[in-house]
Every structure is written in structure tokens, then in C-alpha cells.
Amino acid sequence: MKIRIPKVINNCVWCWACVSISPDVFEMNMDWLSQVIENKSYEDKNVDDAIKICPVNAIKWTEMEIWAKDDSKCIKNPKVNNNCIWCWACVSISPDVFFFNENWLSEALILDSYEWKNIDDCIAACPVSAISWE
Ligand code: SF4
Ligand code: SF4
């Protein structure tokens, strides 16, 4: 299942327009950049208005594949193979999912959902292609 998710890219100039127009979706983070708040859906939350009003075009729609246990079509978990070279990339990007086991290999927790866990970013960051969806 795919859902549309807004994303803020790094050229945010901290004007607060998106936060004002769509406070359920946007907030300012510690670096004074707008960031997206986790929501089950972003429809009917003025995201298109925030995109239009942003003075630097910092907000885009993206699509994310949702791998949820209750979605019978796509029950998948991230798996790490023995090629892991202990670089810490996945553990840094997604510490709720990846940890080092007693053999100093990264391992992924089995969760009901990997929504918002940045697994695809971990797969892309792994220098030895040790992570995959299975
Ligand atoms: S409208 Fe654009 S520039 Fe202004 S806070 Fe939001 S993302 Fe940043
Ligand atoms: S990113 Fe890859 S090599 Fe690095 S710790 Fe994770 S699985 Fe291991």
C-alpha cells in the first residue's frame, strides 16, 4: 500500500508559513527547520496550501510504501545478512529497528509496522548491501 507523505527539503527559511497553515502536519525542529509530524494520513490537512505558500518550494509530496502486518499483500521485514561490516549506518539511521547482536552484526527487530522507520534509507546507506526486505 502506498501513501502520500509531504517532505521538507533543506532549504527551509524558517518562515513558519507551513506551520501556520497546516499545524497538524508541520512543526519546527531543534535546528529551526520545518519538519513533518507523523500522521496516518496527510489528506485534507492543507498540505497543498502549504506547498503553494512556501516561499522557497521546500515542501514536496513523496510516496511511501507501507509494509504493515495487517496488509496481507505485503508482509515484509528487513533482514541483515552476514556481510554486515559493523559500520553503524543502519543503527544510526533507524535505532528503533537495528541493533548489534552478540556477534557484532546488525540485526533488525520484528515489528508490526516499519512505517516511519526509514528502512529504505538504511538499505541505501548500507555499504555492503547487507539489508533487504524479505
Ligand atoms: S513554508 Fe517553507 S520556508 Fe516556510 S517554514 Fe515551511 S518549509 Fe520552511
Ligand atoms: S549499514 Fe550495513 S554494514 Fe553497516 S551496520 Fe548496517 S547492515 Fe552492517
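**Exercise 1. State how far apart the centres of domain 1 and domain 2 lie, and give the bounds of each domain.**

Solution. Taken over C-alpha atoms, the centres of domain 1 and domain 2 are 27 Å apart. Next, the bounds: domain 1 covers 2-65 and domain 2 covers 78-133 of the protein chain, as set by an automatic or database domain assignment.

A note before we go on: this is a predicted model, where local features need pLDDT of at least 70 and side-chain atom pairs count only at pLDDT 80 or more, while totals for chains, interfaces and linings use all residues. Residues are numbered from 1 along each chain as its sequence is written, with chains lettered from A and ligands numbered from 1 in the order in which they are written.

**Exercise 2. Describe the shell around ligand 1.**

Solution. Start with the count: 14 residues surround ligand 1 (C-beta atom, placed from the backbone, within 6 Å). Cys12, Cys15, Ala17, Cys18 and Cys54 are the closest. Then sort by class: 13 are nonpolar (Ala, Val, Leu, Ile, Met, Phe, Trp, Tyr, Cys and Pro), one is polar (the others, Gly among them), and none is charged (Asp, Glu, Lys and Arg).

**Exercise 3. Do the task again for ligand 2, and name the helix that gives the most to its shell.**

Solution. Of 16 residues around ligand 2, Cys84, Cys87, Ala89, Cys90 and Cys126 come nearest. The classes are 15 nonpolar, one polar and no charged. Finally, helix α3 (residues 89-93; a DSSP run of H or I, at least four residues) gives the most, with three residues.

Conventions:
Helices (H or I, at least four residues) and strands (E, at least two) are DSSP runs, numbered from the N terminus.
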